[in-house]
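User: I'm new to reading protein structures. Could you walk me through one, feature by feature?

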Amino acid sequence: MIRWFLGLDSSTQSLTASLIDPVERRIVAERSLNFDAELPHYGTRNGVLRADDPTVVHAPPLMWAEALDRLFARLRAEGLDLSRVAAIAVSGQQHGSVYLTAEAPAALAGLNPARGLPEQLRGVLARATSPIWMDSSTSAECEEITHALGGPERVARLTGSAAFERFTGPQIRKFWKTDPDGYARTAHIALVSSFIPSILAGRIAPIDPGDGAGMNLMDIARRDWSREALAATAPELARRLPPIVPSSTVVGPITPYFVARHGFDPAARVLVGSGDNPCSLVGLGLVRAGMVAISLGTSDTYFGSMGECRVSAEGEGHVFGSPTGGYMSLVCFKNGSLAREKVRDRLGLDWAGFSRAIRATPPALGGRGLMLPWFDPEITPRVLRAGARYRELSPDDPVVCRAVVEGQMMAMRVHTRWMGVRPSCIHATGGASANAEILQVMADVHRCPVHRFETTASAALGAALRAVHGGQADRGGAPAWEEVVRGFAEPVAGSRVDPGPDTAAAYDAMERAWREFEAAELAR
Ligand code: ADP
Ligand code: XUL
């Protein structure tokens, strides 16, 4: 019997399962459960609970737990035999934290299959709801931690990111400050990606360097807790955190609850969880240093795979541990598809017309005209005063179609250079990756081949592939990552776009002018 491997992605709005067969290299099933629609009694909208203060965004952890039972029951009702699952790995929305009392280990170890998870776990929550990545209510705590650690550059060098409101350390500090009794009751702090494995394995699960890096608490180079960062965050934090272990570590066999309730094999292994972005890195096949994915969604996101730990001195983006052992960067550019749409709409074009305008214009606009697409306040580089900037260019000239895409790609080229790795190939995903002209500009500006990727659930798939790697690593023979992802995380056949033959010099010249323009606009 061929064994299956299960990836579970507990994301903001849904829980997704990706069940794969690594021998025939196929996805057996991919199913999602939407929290709002299927667990309406938690009262979430888009998976979250909002307070009067718009910066406060939480979610109910019992909803994430109940979703497990619902999704497993649904998979079984479809006739899928869960006893074939050899190993399970979890992906979680990053940064979100769950606060558990000293009674949690016993409750997890003794889950009764005759009763549901929420009623058995409710009593061990030291905090009823969990702050998640959309929460931005911790600016004061970010400042305090940054001050204690010696400035933003120091925090970035130590933990892989400057202090960010959504990161777990500032969130823990706020909890300690605002609810000291709740903090005192807290014996264990989990991430979303360690809470779910804790339930599955029936014991408090460790944290991996992929998601640990999203806390401002982990020494990024050592991949272990930073005592200094812990001390700057909250008192007696070390004893409340589990160890950090490599991403392919097996936490233990699945707990008897899931064997009795859903028919899992008692020997099925549960791996340590990881964050959704580190899991997506695997699900997009970025298993070698220099491989990059660019997601062209509402915003544009650049994921790069790095062999060594390098951090941006200017605090551009984040560095997380990669589940494959090295590091990854995540750099977000707020002005992505919405900026391209603004240009398209102003010129009264559809996407075909937008593409025609790109084709009709020479690379780097023949050296004339530059654009910075800051329609909205930008994250990378940090721009608070919104408004697109134009040099020698009229916003009503159709050449702006090329200028906006080139400006976006040049921003990625310049603001990811701190990684010290030139991209060897790019996997393009997201809605706008359907556009061949945009992919050509991407290949030309980044000077490497671009492949189109069609993935809907890259984090769940990446988790399933982690289960394959970890499930086998534990049996003595860790397969090579290239071998694990082969046949799963593959680009669309025939989608390769190569850089144009004579474009390199044009974009080198454009980079010099563009840097000067950007510096001048940032200095204003
Ligand atoms: P998200 O997941 O962030 O909501 P998607 O990855 O689904 O976003 O991407 C949606 C975006 O894709 C739309 O906002 C639209 O601007 C863009 N898009 C769709 N088709 C094209 C196209 N042919 N050319 C350029 N952009 C496109
Ligand atoms: C990453 C981040 C988000 C969440 C979404 O830093 O905040 O991508 O991981 O699930």
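Analyst: Sure, we'll take the domains, then the two ligands, then a sheet. Keep in mind that this is a predicted model.

User: Let's start big. Which domains does the assignment give?

Analyst: A domain assignment lists stretches of the chain, and a domain may be written in pieces. Here, domain 1 covers 4–279, while domain 2 is made of 337–452 + 496–523. Taken over C-alpha atoms, the centres of domain 1 and domain 2 are 37 Å apart.

User: Now the ligands. Which residues are around ligand 2?

Analyst: To read a binding site, list the neighbours, then look at the contacts. The neighbours of ligand 2 are Gln 93, Gln 94, His 95, Trp 133, Arg 166, Asp 276, Asn 277 and Leu 330. Sorted by class, that shell holds two nonpolar, four polar and two charged residues.

User: And what about polar contacts: how far is Asp 276 from an oxygen atom of ligand 2?

Analyst: A polar side-chain atom of Asp 276 sits 2.4 Å from an oxygen atom of ligand 2. His 95 also uses its side chain, with an N or O atom 2.7 Å from a ligand 2 oxygen. Gln 94 takes part through its backbone, where an N or O atom is 3.1 Å from an oxygen of ligand 2. As for cover, ligand 2 on its own exposes 290 Å², and the protein buries 86% of that.

User: Let's try ligand 1. Which atoms of Thr 298 and Asn 435 make contact with it?

Analyst: Check whether each contact comes from backbone or side chain. Thr 298 offers a backbone N or O atom, 2.8 Å from an oxygen atom of ligand 1. Asn 435 has a side-chain N or O atom 3.0 Å from a nitrogen atom of ligand 1. There's a backbone contact from Ala 432 too, at 3.4 Å from a ligand 1 oxygen. Ligand 1 alone exposes 590 Å², of which the protein buries 59%. Its shell counts four nonpolar, six polar and one charged residues.

User: Last one: in what order do the strands of the open sheet come?

Analyst: For a sheet, read the order of the strands and their direction. This open sheet has three strands, ordered E4-E5-E8, with antiparallel pairing. Strands E4 (49–50) and E8 (130–131) are at the edges with a single partner strand each, so one side of each has no neighbour in the sheet. Two bridges connect E5 (residues 57–59) with E8, and Ala 59 is opposite Ser 130 in E8.

Terms used: Residues are numbered from 1 along each chain as its sequence is written. Chains are lettered from A and ligands numbered from 1 in the order in which they are written. This is a predicted model: local features need pLDDT of at least 70, side-chain atom pairs count only at pLDDT 80 or more; totals for chains, interfaces and linings use all residues. Side-chain values use heavy atoms; hydrogens and water are left out. A residue is near a molecule or strand if one of its heavy atoms lies within 4 Å of it. A polar contact is a pair of N or O atoms within 3.5 Å; within protein, one must be able to donate a hydrogen and the other to accept it, and residues adjacent in sequence count only if both atoms are side-chain atoms. Accessible areas come from the Shrake-Rupley method with a 1.4 Å probe; for residues, only the protein chains shown count as cover. Ala, Val, Leu, Ile, Met, Phe, Trp, Tyr, Cys and Pro count as nonpolar, Asp, Glu, Lys and Arg as charged, and the others, Gly among them, as polar. Domain bounds come from an automatic or database domain assignment. Two strands pair if DSSP finds at least two bridges between them. Helices (H or I, at least four residues) and strands (E, at least two) are DSSP runs, numbered from the N terminus.
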